[in-house]
Amino acid sequence: MLKNIIKKISLKICLEAILFLVSFAMGFYFQWEIANFIFFVIFIFLLLHPISSRIVASGAIIFLIATAILLMAKKNNLAEITAIWAYYCMIFTAVLAFHELRLEKEDAIIPED
Amino acid sequence: MMKNDLLKKIVNFIKVERRLFLVAIFLGMVFLINQALYANHKKTTESCAGGKCLIVPPEKPQLTKDNAYYFVDDLFKNQSAGYYRLTFQEKSDQAEKIILKLNTYTEKENKIDELSFESSDKFKNQEIFFFLPEGFDSLLFQKENSATSGNIFIKEIGITKLNVTNQSELALMKKTVLGETDSTAVEISQPNSDDSFPWLKEKKIILGQVFQAKEPVISAVAFKIDINKNLNPGSRQYSLSLREVKYDEKKVSLVGPIIVDTAFSVGSIEKYRQVDGTFIFPLYGILEKDKYYLISLDNSKVEVSNQNYLEFRGSKNNNSYPNGSAVMKKQKELYAIDGDLYFKIYGANLLEENGIKILNGAKIESLGKGLGKYSYATKGKFVDLLDLATASTGTEFSEGDKIIYAPAKDDASFSYVVNTLYPINKLNFYATQNKAGWKKVKVSYSFDQNNWIDLASSEKSEAVINAINNLAENNAENNLDSEIVTDDSIVTTDDILPEVIVQETVQVFDAEIIPTKEVKTIYFKISYDSNDASKGKLFALKNLKITADLNMK
């Protein structure tokens, strides 16, 4: 049994490692910006290991506030970048929220014994 | 049995770890989308030669081998019989002869003239005086020999009724003179384009070419640029600028501010594409002969990458252009690099009539019975600067206000020389001060440049003046499609609603000058009113219009 679990975990870790390697390779191949690349890897990580959507949503809010402050400081180029980051975080939040909703629905279906 | 177990295990694994497979599918989709959207697409000068990349298709000729007739319908509709002037522009790709006929829907024809067109790549003005009998409404351009293969382009057709009653008066009509600027002459060039200069793929790079000015004006610059772009190249803009430099073989340093610049994105650069695949960028600027200037492209605002950048073509041979060099600025350091970019610098010269310079866009036309008319108006474009006879330091063109302005200090001024070719009976000078709050303007005129007379001005509401100008502009735009120019576009203060009238006032110059002796040239000097105590630092005139009645006998 333990052997089986170890085997299963190893295979899972191997496949995850391959997926991350593929992500890295794509980043280099398409020459993505470093920030875009980091967000992409984070997204892959969140798909594989979901966390609470509230954490990611707070990131989106922080970036949105930063955008407003940078706009007031007339740092338009930086504001544009943080706005894009906020947008990324909102997409992550939506995906995670969808996942949480599915989990809640699954939990709500209680077998009647 | 073994196989079934393995299959079951795999299915079970997929069911338990389906997230891994969803991520794998997601990665596959990202790869395919990126491959389609962001893969490198290169457009070279050669691949675009022959007009293949032109956004606006080249205009079609009106007369061709297959079509020997070109009708201009209803040109004379509602026009009474009498003597007329017909003007149009033509160009032909080979020498051709055409016949001009008056025409009606009943196919009645009346030949009015035969014309010979020379082979030319520039449009030429044509003018014909003719008598229009009753009963004709259309004009026909017909090839004399319909078998010839020449392509003839005809545009800007217009007619004007003349104040002429018989043939002897018609014979006295003078040819219309149009002031034009020739901005097609290449002043300096480096025609070799065998090598590439791909340095703009790096971020925050300025790449350009130093040249030594031969003429006092630059009107455009041509480059060969290969475009490396993905399907989403972004809308951020490259900046093409002209500035003076100190150049000494390998040492280059910037002198003063940017003289003129223009900006374009990878998406909008195609509007500058020519039929031969090169790019010509309009870049009007005043130069000083023998000084060195740098024309450069700055990519600091663009998200460049190996798949999204502009690539200059040129020659790595340092001797291909001996009076300059390709130049690069990286991390605040400006230095000459090996070779020269492919480039052509275009100048701009006012055309001369019998050795006399006519202001750009000025028209001198005969009205019949020995009378003529001179008209000139500024166009609100940089080319207006070329009309200045003299200008003090700091005189510049403002793209925002579309005016020529100068700083109000010392003895700053700029001047015009108005040559009418024929004696002036009466001349009208109209212009307004650019803005309330700017330094008041002083306009003086002279017949000999020794005795100067100040023109009087009145004060009018700035809002009213702006409203008049806007209405006049709109009317002019509406009349663009019209074949016949009328005087309906003249707008007066009566056309303006009272609610736009506010207290801010500007100077209005609307003066008549009647020479007491025979005069064909009048000098105008525009300076600032030194008695004006306002805090304005600049002075400028707006909507300058000069008209004159001429004696053409």
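The following exercises, with worked solutions, concern a predicted model of chains A and B.

**Exercise 1.** Determine how far helix α4 of chain A reaches against its expected span, and identify which of its residues are buried.

*Solution.* Step 1: α4(A) covers residues 76-108, which makes 33 residues. Step 2: at 1.5 Å a residue, 48 Å is expected, and the helix reaches 47 Å from its first C-alpha to its last, close to that value. Step 3: with burial requiring 20 or more other C-beta atoms within 10 Å, the buried residues are A:Thr82, A:Trp85, A:Tyr88, A:Cys89, A:Phe92, A:Thr93 and A:Leu96. Step 4: the elements that cover these residues include α2 (34-48) and α3 (53-72) of chain A.

**Exercise 2.** Describe the open sheet of chain B that contains β14 and β18.

*Solution.* Step 1: the 4 strands run in the order β11-β24-β14-β18, with antiparallel pairing. Step 2: β11 (186-190) and β18 (279-286) each pair on one side only and are the edge strands. Step 3: from one strand to the next, the twist averages 20°. Step 4: β14(B), residues 217-223, joins β18(B) over 6 bridges in the antiparallel sense. B:Ala222 stands opposite B:Ile280 of β18(B).

**Exercise 3.** Characterise the side of chain B that touches chain A.

*Solution.* Step 1: 14 residues of chain B contact 12 residues of chain A. Step 2: the residues on the chain B side comprise 8 nonpolar, 4 polar and 2 charged. Step 3: the model has an ipTM of 0.83 and a pTM of 0.64.

**Exercise 4.** Establish where confidence in chain B is lowest and highest among its elements.

*Solution.* Step 1: chain B averages a pLDDT of 86, and 93% of the residues score at least 70. Step 2: helix α5(B), residues 462-478, is lowest at a mean of 69, whereas strand β23(B), residues 340-341, is highest at 96. Step 3: over residues 479-502 of chain B, pLDDT stays under 50. Step 4: where pLDDT is low, the predicted coordinates should not be read in detail.

Notes
Residues are numbered from 1 along each chain as its sequence is written. Chains are lettered from A and ligands numbered from 1 in the order in which they are written. This is a predicted model: local features need pLDDT of at least 70, side-chain atom pairs count only at pLDDT 80 or more; totals for chains, interfaces and linings use all residues. Two residues are in contact if their C-beta atoms, placed from the backbone, lie within 7 Å. Ala, Val, Leu, Ile, Met, Phe, Trp, Tyr, Cys and Pro count as nonpolar, Asp, Glu, Lys and Arg as charged, and the others, Gly among them, as polar. Helices (H or I, at least four residues) and strands (E, at least two) are DSSP runs, numbered from the N terminus. The expected span of a helix is 1.5 Å times one less than its number of residues. A residue is buried if 20 or more other C-beta atoms lie within 10 Å of its own, exposed if 12 or fewer, and partly exposed in between; C-beta atoms are placed from the backbone. pLDDT is the predictor's confidence in each residue, from 0 to 100. Two strands pair if DSSP finds at least two bridges between them. Axes are lines fitted to C-alpha atoms, for helices over the stretch in contact, and angles run from 0 to 180 degrees between N-to-C directions.
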